[in-house]
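I opened this entry to keep track of what I looked up, beginning with the domains and then turning to the chain contact and the database record.

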Amino acid sequence: MSPQESAAAPEAPVAEDPIKAQNAKVLALLHRLFGEATFTDVHEPHGLLTVTTTREKIHDIIAGLQQDQEIKFHFLTTMCGINYPENEGQELGMIYHLHSLTQNIRLRIKIFFPIADPVVPTLTDLYNTANWMEREAYDFFGIIFTGHPNLIRILNVEDMDYHPMRREYPVEDGTREDKTDLFFGR
Amino acid sequence: MAVNDTLEGTHKIQEEAAAQRPGQLMPILNDFSQELTTLNLGPTHPATHGIFQNILQMDGERIVSGVPTIGYIHRAFEKLAERKPFYQITTLTDRMNYCSSPINNLGWHMTVEKLLGVTVPKRAQYIRVIMMELARIADHLICNSILGVDTGAFTGFLYVFQEREKIYEIYEEVCGARLTTNMGRVGGMERDLSPVALQKLRDWLKSFPAVMKEFESMFTRNRIFMDRVVNVGPISAEKALSYGFTGPNLRAAGVDYDVRVMNPYSSYEDFEFDIPVGTNGDTYDRFLVRNEEIWQSLRIINQALDNLPDGPYHADAPHYYLPTKPEVYKNMEALIYHFKIVMGEIDAPVGEVYHSVEGGNGELGFYLISDGGRTPYRLHFRRPCFIYYQAYPEMAVGTTLSDAIVILSSMNVIAGELDA
């Protein structure tokens, strides 16, 4: 091993992780634009900055991020619903993935709200692509998007009377016994 | 008199149907007062290459409005995935975009590897790159040759389908299957590239460029073809971004977004290749971008094959990677791991991960939330087709029916990916 190599090796961990630095920059921007109290549960699973906010603020936040000139979150990558039945009062959620194509920064924003009142503002006025994504979330989780131009089912049949991705509906018929696995408890 | 009867009858049917399903968008029936005709395109129509319906209102030859209906082959993959161990979900992914299933399979494996923190050896990464680029070529060949068929040129389709068949033979050597490949495993590939596979790959790399040149020479500057596709179904870059376009369709509109370059995965940063972009975002640009991407994919495959590193073809991750059969028969640890993996007894770590790959049609994303069990708590697929197909009515309105078919064909909407 040459002296240069041994000298270079300890330096590597000291150099700041570019992803961490980038996420810190986005978080600072979020705090500056919308206030620190707006965001809870800030973490970076696998390098993707994830924040949780409330449904009252989600539309303003995403509109603000879209218009921000520093980091332009012009691209709504995807959004999806989620259901945590054990979280009282916050059973349903929406998860948004935003992407800034100019800076190559991704951001994940989550909101949670009660299943008894699953109403969320629409993003169709900001992104055209939100239209079908919201219809999908409505179809599978029964999340109502206020202001959506055409909130009807998209993948399931129109006369379905429940929202099948909620956890209360098992994949298989619970009354079947031929599939019970006594040894592995499934 | 007869027309009046029909008109009244029509309105009555329309009102009754609307009353039954309040607030829902109804298919528009013939409106004779405005001289509009309703045309039901699909659900099964030979020119739409998949099961999706469009209810079009026509003013003579022109399309006035279109209402797409999708979901005809919806198979609830996201719900099914909540009950399946990770290795069983692979078979769901290759039924999404079945024209380029290896990309879906390997993208899914990479997502799980990211969650588990498994690093795949270089050789496996390079083999994956080769297979994914072959899949991209097969995908683009289908799209572009079918576009030719829809404009009335059947010959090119037959020429390149021969080559697609050879790609499928290479798949067969690598994973044993052709269409729904179930290729690779979490942690690497299930086997190394065999000498036969390498030979087939090398032979194909020699023979394919000539066929591709011939295909291009038949279409690219063909007057009849250009008249059919130039300025048909254009979309601006702003509109395309707002509609969530990715992949060749977005690049044809002039945005150079490619996941392979923006967020390199599986050692794509090692390769030299160009990202072709168009200017108008019309059908012709989409065709040209796909053709050029085929050439760039060939470049990547050649580089990967020339620099294929030695070493293992899978990671040393016994908890997740199935041991070989001879090992299982004579080695106790291997038998235990085999049993635990197959029975789904191995819990994944808690966490959430979003991973995206450049699929045949654009950014194919997997959003996986694990609560520590044997199956995902929630798995969401970002299917590029589903997201950009909603722009279709806007692109088709104002064109003729024959142009609408060509636009649909050039967008490469794959029903399996659309409906998941």
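Which domains does the domain assignment of chain B give? I noted that the model is a predicted one, and that the assignment lists domain 1 as residues 2-69 and domain 2 as residues 77-419 of chain B.

I then looked up how these two parts sit relative to each other, and found that the centres of domain 1 and domain 2 of chain B, taken over C-alpha atoms, are separated by 36 Å. To the contact between them, domain 1 of chain B contributes 13 residues and domain 2 of chain B contributes 19 residues. On the side of domain 1 of chain B that touches domain 2 of chain B, I read six nonpolar, five polar and two charged residues.

Next I turned to the contact between the chains, where 28 residues of chain A are in contact with 32 residues of chain B. On the side of chain B that touches chain A, I listed the elements that each supply at least two residues, namely the helices H2 (77-81), H9 (237-242) and H15 (384-388), together with the strands E4 (351-358), E5 (363-370) and E6 (378-382). Of these, E4(B) gives the most, with four residues. By class, that side of chain B holds 13 nonpolar, nine polar and 10 charged residues.

Last, I checked the record: in an unreviewed entry, UniProt lists residues 150-419 of chain B for "domain: NADH-quinone oxidoreductase subunit D". For that span, 150-419 of chain B, I noted 51% helix and 8% strand, with the end C-alpha atoms lying 23 Å apart.

Terms used:
Residues are numbered from 1 along each chain as its sequence is written. Chains are lettered from A and ligands numbered from 1 in the order in which they are written. This is a predicted model: local features need pLDDT of at least 70, side-chain atom pairs count only at pLDDT 80 or more; totals for chains, interfaces and linings use all residues. Two residues are in contact if their C-beta atoms, placed from the backbone, lie within 7 Å. Ala, Val, Leu, Ile, Met, Phe, Trp, Tyr, Cys and Pro count as nonpolar, Asp, Glu, Lys and Arg as charged, and the others, Gly among them, as polar. Domain bounds come from an automatic or database domain assignment. UniProt positions are given in the numbering used here, feature names are shortened, and annotations may be inferred rather than shown by experiment.
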